[in-house]
Amino acid sequence: MEEHTELERYIEQHSEAEPPLLAELRRVTHLRVMRPRMLSGNIQAQFLKMLCRLMGAKRVLEIGTYTGYTAISLASALPKDGVVVTIDCNDEIEEIARSFFAKSELEAKIDFRIGEACQIIPELEEMFDLVFIDADKREYADYYEQVFDKVRPGGMIVADDVLWDGKVAEERHTDAQTQGILRFNERVAADVRVEKLMLPLRHGLTLIRKKDF
């Protein structure tokens, strides 16, 4: 299990508690899946859930399902006619995600698609209130360009891992994942079509609001 600092524990204790089902999913992920660190934690999931509620979101796109932790949290914030379209290329963990979607009783709100996001996104014809990006860091800039016209004016794109354990501020890191994050961060920073705010939440989270002009 991922260790927490005293400050992180304090934050957890004074925030909305992790739902029992998501706590179970977190345990299963750590026991059965490689790189469980990729799982969104309770604080980040609660943040996204609250953001959906504040926006009155009905349609959400998630790029990077993993074992379904965030998809369940997002779906729980949506009205009865709301939908989370969530995409992942790893069919090896599909069974875990689908089983917990069923347990959550939110299955009707979750449209789970297995495949490469850059191939699936162009096929999506609907508009989204919120897009959450948490997949292959090398393709972040591509995801951004592909989803931009599918986000309603005033809608949000939220990107995870934008600080990448601090590697973005260290020039010695030249690996493809870090370079992908750097390209994405610079692309968003220079984009006059949006308002943006980078937050040091977990591994870094950027809020990107599409201007409504």
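Arg35, at 56% relative accessibility, counts as exposed in this predicted model, since the cut-off for that class is over 50%. Arg35 is found in the loop between α2 and α3, and its phi is near 55°, a positive value in a residue other than glycine. A positive phi in a residue other than glycine also occurs at Asp161, where the angle is near 65°. Asp161 belongs to the loop between β5 and α8, but with a relative accessible area of 8% Asp161 is buried.

These two loops are also the places to look for a salt bridge. Arg37 and Asp165 form one, with their closest N and O atoms 2.7 Å apart. The pair links distant parts of the chain, given that Arg37 sits in the loop between α2 and α3 while Asp165 sits in the loop between β5 and α8 (176-189), 128 residues apart. Arg37 counts as partly exposed at 42% relative accessibility, and Asp165 counts as partly exposed at 48%. Elsewhere, Glu145, Arg187, Asp191 and Arg193 are joined into one network by salt bridges that share partners. The structure holds 18 salt bridges.

Helix α2 takes part in another of these ion pairs, in which the side chains of Glu95 and Arg32 meet at 3.2 Å, N to O. Because Glu95 lies in helix α5 and Arg32 in helix α2, the pair ties together parts that are 63 residues apart in sequence. Arg32 counts as exposed, at 55% relative accessibility, whereas Glu95, at 48%, counts as partly exposed. A further salt bridge joins Arg26 to Glu18, with the closest N and O atoms 2.6 Å apart; Arg26 is partly exposed, having a relative accessible area of 23%.

Helix α2 also contains Thr29, and at 0% relative accessibility Thr29 counts as buried. What is Thr29 in contact with, once its neighbours within four places in sequence are left aside? The contacts are Pro36, Leu39, Tyr66 and Thr67. Another threonine, Thr70, lies in helix α4 and counts as buried at 4% relative accessibility. Not counting residues up to four places away in sequence, Thr70 touches Ser40, Leu48, Glu62 and Phe132. Thr70 is 33 residues from Arg37 in sequence, and the two are 14 Å apart in space, C-alpha to C-alpha.

The interior can be followed next. In soluble globular proteins, nonpolar side chains tend to be buried together. The largest nonpolar core here has 35 residues, of which Cys52, Val60, Ile72, Leu130 and Val158 touch the most other members. Two or more residues of this core come from each of the helices α2 (20-32), α3 (42-55), α4 (69-76) and α5 (94-104), and likewise from each of the strands β3 (110-114), β4 (128-133), β5 (151-160) and β7 (205-210). Apart from this core lies another, of 27 residues, among them Leu124, Ile133, Ile157 and Phe184. As for Ile72, its contacts beyond four places in sequence are Leu22, Leu25, Phe100, Phe101, Ser104, Leu106 and Ile110.

Strand β4 connects several of these points. It is mostly covered, with six of its six residues buried. How do β4 and its partner strands pair, in the parallel or the antiparallel sense? Strand β1 (residues 59-63) and β4 pair in the parallel sense over four bridges, and β4 and β5 also pair in the parallel sense, over five bridges. Within the first pairing, Val60 stands opposite Leu130 in β4, and both of these residues are among the core members that touch the most others. Within the second, the bridge partner of Val131 is Ile157 in β5, and Ile157 is one of the residues of the 27-residue core.

Nonpolar side chains are also found at the surface. Leu7, Tyr10 and Ile11 form a nonpolar patch there, with about 320 Å² of accessible area together. Tyr10 lies in helix α1 (residues 6-13), and at 48% relative accessibility Tyr10 counts as partly exposed.

Methods:
Residues numbered from 1 in each chain as written. Predicted model: local features only at pLDDT ≥ 70, side-chain atom pairs only at ≥ 80, totals over all residues. Heavy atoms only, no water. Core = buried A, V, L, I, M, F, W, Y, C linked by side-chain atoms within 4.5 Å. Buried < 20%, exposed > 50% of the residue type's maximum accessible area, 1.4 Å probe, protein only. Contact = heavy atoms within 4.5 Å. Patch = residues over 30% accessible without salt bridge, like charges linked within 9 Å, V, L, I, M, F, W, Y side chains within 5 Å. Areas by Shrake-Rupley, 256 points an atom, 1.4 Å probe, with all protein chains shown as cover. Salt bridge = Lys/Arg side-chain N within 4 Å of Asp/Glu carboxyl O. Pairing = 2+ DSSP bridges.
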